[in-house]
Amino acid sequence: MDSNPSSAETAQGSIYVSSAVTNAAKILVVGHFAVGKTTLIGSLSEITPLRTEEKMTQASVHVDDLRGVTGKTTTTVALDFGRLTLSEDLVLYLFGTPGQQRFMQLWEDMARGALGALLLVDPARLEETFPVIDLVEGYGLEYAIAVNTFDSSATYSEAEVREALDLLPDTPVVYCDARDQRSSAEALIALVRHLLERAA
Ligand SMILES: Nc1nc2c(ncn2[C@@H]2O[C@H](COP(=O)(O)OP(=O)(O)OP(=O)(O)O)[C@@H](O)[C@H]2O)c(=O)[nH]1
Ligand SMILES: [Mg+2]
């Protein structure tokens, strides 16, 4: 036991999981390159998130599409990790995947044991989400769609997003701002609700 609890506090919360927590679930945060995965885990995590950001090099220039993305100079090269205690007895461990195509093989290990995935979508680049949906479905993961509402991006209704991505009727679609803690939490809660309904 920590004899000095204040030393176990971070800027974002306690580093220890509450002793009341009896259930833990691994959740993946997935999506194409630069869709906001690292941002979302950063805004949600109650511990200082683990990040593996590296500077993007010239090698990425003709590979990664930075159209509409301003100020992005780094990319996730392995994973993001964060933690969120969602209710008194449930803690979620959040694993963010890398977005660059060449790191997709890492997904196999990351998907192991995951209960489901929050799939971030940039409405201005809907077509980039198709391979991500294929991967998630390939690993047999349940998922919810979180449309990250970038300021200047195209806006589509839920029905339009559903049709464009050819979603099943019960796949949740929510809108969020990955920079906003509350909004990101609501997206995650939609996924957890969906997972609970599926498990019932
Ligand atoms: N305007 C706006 N910008 C955002 C939002 N979410 C993320 N960003 C910005 O978009 C850029 C990409 O965000 P990241 O969180 O790095 O995206 P990522 O999906 O982790 O990227 P990779 O790991 O490289 O695939 C960053 O510059 C963010 O500040 C949002 O909701 N609105
Ligand atoms: Mg990232």
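## A tour of the magnesium ion and ligand 1

Begin by selecting the magnesium ion (ligand 2) in this predicted model, where the protein donors are Thr38, through its OG1 atom, and Thr76, also through OG1, lying 2.0 to 2.1 Å from the ion. These two residues link distant parts of the chain, since Thr38 belongs to helix α1 (residues 37-44) and Thr76 to strand β3 (residues 74-76), 38 residues apart.

Colour the two donors by accessibility next: Thr38 counts as buried because its relative accessibility is 16%, under the 20% cut-off, and Thr76, at 6%, counts as buried as well.

Now select helix α1 as a whole, which is mostly covered, with seven of its eight residues buried; among them are Lys37, Thr38, Leu40 and Ile41.

From the helix, move to ligand 1, which is surrounded by 19 residues, the closest being Lys37, Thr38, Thr39, Thr75 and Asn148. Helix α1 and strand β3 each supply at least two residues of this shell, and α1 gives the most, with three residues. If you colour the shell by residue type, you will find six nonpolar, eight polar and five charged residues.

Finally, show the polar atoms around ligand 1: a backbone N or O atom of Gly36 lies 2.9 Å from an oxygen atom of the ligand, a polar backbone atom of Ala34 is 3.1 Å from an oxygen atom of ligand 1, and a polar side-chain atom of Thr76, which is also a donor of the magnesium ion, lies 2.9 Å from an oxygen atom of ligand 1. Of the 650 Å² of accessible area that ligand 1 has on its own, the protein covers 86%.

Technical notes: Residues are numbered from 1 along each chain as its sequence is written. Chains are lettered from A and ligands numbered from 1 in the order in which they are written. This is a predicted model: local features need pLDDT of at least 70, side-chain atom pairs count only at pLDDT 80 or more; totals for chains, interfaces and linings use all residues. Side-chain values use heavy atoms; hydrogens and water are left out. Donors are N, O and S atoms within 2.8 Å of the metal (3.2 Å for Na, K and Ca); water is not among the atoms, so sites may look incomplete. Helices (H or I, at least four residues) and strands (E, at least two) are DSSP runs, numbered from the N terminus. Buried means under 20% relative accessible area, exposed over 50%, partly exposed in between (1.4 Å probe, protein chains only). A residue is near a molecule or strand if one of its heavy atoms lies within 4 Å of it. A polar contact is a pair of N or O atoms within 3.5 Å; within protein, one must be able to donate a hydrogen and the other to accept it, and residues adjacent in sequence count only if both atoms are side-chain atoms. Accessible areas come from the Shrake-Rupley method with a 1.4 Å probe; for residues, only the protein chains shown count as cover. Ala, Val, Leu, Ile, Met, Phe, Trp, Tyr, Cys and Pro count as nonpolar, Asp, Glu, Lys and Arg as charged, and the others, Gly among them, as polar.
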